[in-house]
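Student: I'm new to this structure and would like a tour. Please show it to me, and then let's take it a piece at a time.

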Amino acid sequence: MSRTAASVPVAQLERLAELERLATDAARDLDDASANEILQWAAQTFGDRFCVLSSMGDAVVASLAAKAKPGIDVVFLDTGYHFAETIGMRDAVAAVYDVNVVSALPLLTVAEQDEAHGKDLFARDPDACCAMRKVAPMEAALVNYDSWATGVRRDESSTRATTPVVQWDARRRMVKVNPIARWSRDDVDTYIADNHILVSPLIDDGYLSIGCWPCTSKVEPGADPRSGRWVGHAKTECGINT
Ligand code: SF4
């Protein structure tokens, strides 16, 4: 459901060009800005057309965004394969912070997907499973916004090492905001401790990067946090941040 040039009228194309210019300028102007300043810029620039996308591993970005824009939509991709702890985190975030949690659902339930594509598609073709259960629901949800914030950090993996604080998402034709891109793991831990931020109990169990339970493994101390995702497959990203 990406917005393509062939599917939008001229006025919308002009709006998309404006969004791209905003992203390009902000990437340059906000490169040294704090996470709060970046989120305040996004909230003031996009208003209700700005949201957060959260996997509910922690509430760092949701809590920061709630300060910049009280009541902000926090989109959660409810794949049907989440740990019970992740669903608990979603409900806790909705209760504790001044945010509006929006659960985005896939077209098919897990049972319907099993019937249509065979049981446990995640084990045979995780790209196809992620496309149906994460990417398509996210893109359907994001049509309501011009900009979205993520918790992506440069130190998470080599594929994220050059993440800008603001970027033009050419595929979705949206402004992607990465307010904690420059933060280290220590920065995150300090912010969590100083502000008593909600964190998934799965973190303490050794799941340092949390996704769906069939595709998430515990990680040894000191290992790449994302090395526990899709173990046994070449896959490193689900497609929502690429
Ligand atoms: Fe499917 Fe695994 Fe992707 Fe979740 S992370 S959508 S279970 S392949």
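Student: Is Ser-200 buried or exposed?
Tutor: This is a predicted model, in which local features need pLDDT of at least 70, side-chain atom pairs count only at pLDDT 80 or more, and totals for chains, interfaces and linings use all residues. Residues are numbered from 1 along each chain as its sequence is written, and side-chain values use heavy atoms, with hydrogens and water left out. On our scale, buried means under 20% relative accessible area, exposed over 50%, and partly exposed in between (1.4 Å probe, protein chains only). Ser-200 has a relative accessible area of 2%, so it is buried.

Student: Which residues is Ser-200 in contact with, leaving aside its neighbours within four places in sequence?
Tutor: First, place it: Ser-200 sits in the loop between helix H8 (185-195) and helix H9 (201-204). Helices here are DSSP runs of H or I with at least four residues, strands are E runs of at least two, and both are numbered from the N terminus. Contact means heavy atoms within 4.5 Å. By that rule, and without those sequence neighbours, the partners of Ser-200 are Met-56, Gly-57, Glu-85, Met-89 and Ile-210.

Student: And Lys-119, is that buried or exposed?
Tutor: Lys-119 is in a loop too, the one between helix H5 (110-117) and helix H6 (121-124). Beyond its neighbours within four places in sequence, it is in contact with Asp-114 and Arg-124. Its relative accessible area is 60%, so Lys-119 is exposed.

Student: How many residues of H3 are buried?
Tutor: For the whole chain of 242 residues, 48% count as buried. Helix H3 is mostly covered. Its buried residues are Val-60, Val-61, Ala-62, Ser-63, Leu-64, Ala-65 and Ala-66. Out of nine residues in H3, the buried ones number seven.

Student: At what angle do the axes of H3 and H8 cross?
Tutor: Two packed helices are described by the angle between their axes and the distance between the axes. The axes are lines fitted to C-alpha atoms over the stretch in contact, and angles run from 0 to 180 degrees between N-to-C directions. For helix H3 (residues 60-68) and H8, the axes come within 11 Å and cross at roughly 60 degrees.

Student: Which residues of H3 and H8 make the contact?
Tutor: By class, this contact has five nonpolar, two polar and one charged residues. Here Ala, Val, Leu, Ile, Met, Phe, Trp, Tyr, Cys and Pro count as nonpolar, Asp, Glu, Lys and Arg as charged, and the others, Gly among them, as polar. H3 brings Val-60, Ser-63, Leu-64 and Lys-67, while H8 brings Val-188, Tyr-191, Ile-192 and Asn-195.

Student: Which helix gives the largest share of the shell around the ligand?
Tutor: A residue belongs to this shell if one of its heavy atoms lies within 4 Å of the ligand. There are 10 such residues, and the closest are Tyr-81, Cys-129, Cys-130, Cys-212 and Cys-215. By class, eight are nonpolar, none polar and two charged. Five residues of the shell, its largest share, come from helix H7.

Student: How many aromatic pairs are there?
Tutor: Rings of Phe, Tyr and Trp (its six-membered ring) pair if their centres lie within 6.5 Å; planes under 30 degrees apart count as stacked, over 60 as edge-to-face and the rest as tilted. By this rule, the number of aromatic pairs is six.

Student: Why is the pair of Tyr-81 and Phe-122 called what it is?
Tutor: Tyr-81 lies in the loop between strand E2 (72-77) and helix H4 (84-96) and Phe-122 in helix H6, so the pair ties together parts that are 41 residues apart in sequence. Tyr-81 is buried at 5% relative accessible area, and Phe-122 is buried at 13%. The ring centres are 5.3 Å apart and the planes stand at 85 degrees, so the pair is edge-to-face.

Student: Which residues do the ring pairs link into a cluster?
Tutor: Phe-122 also pairs with Trp-213, with centres 6.3 Å apart and planes at 65 degrees, so that pair is edge-to-face as well. It links distant parts of the chain, 91 residues apart, since Trp-213 is in the segment after H9. Trp-213 is partly exposed at 45%. The cluster is made of Tyr-81, Phe-122 and Trp-213.
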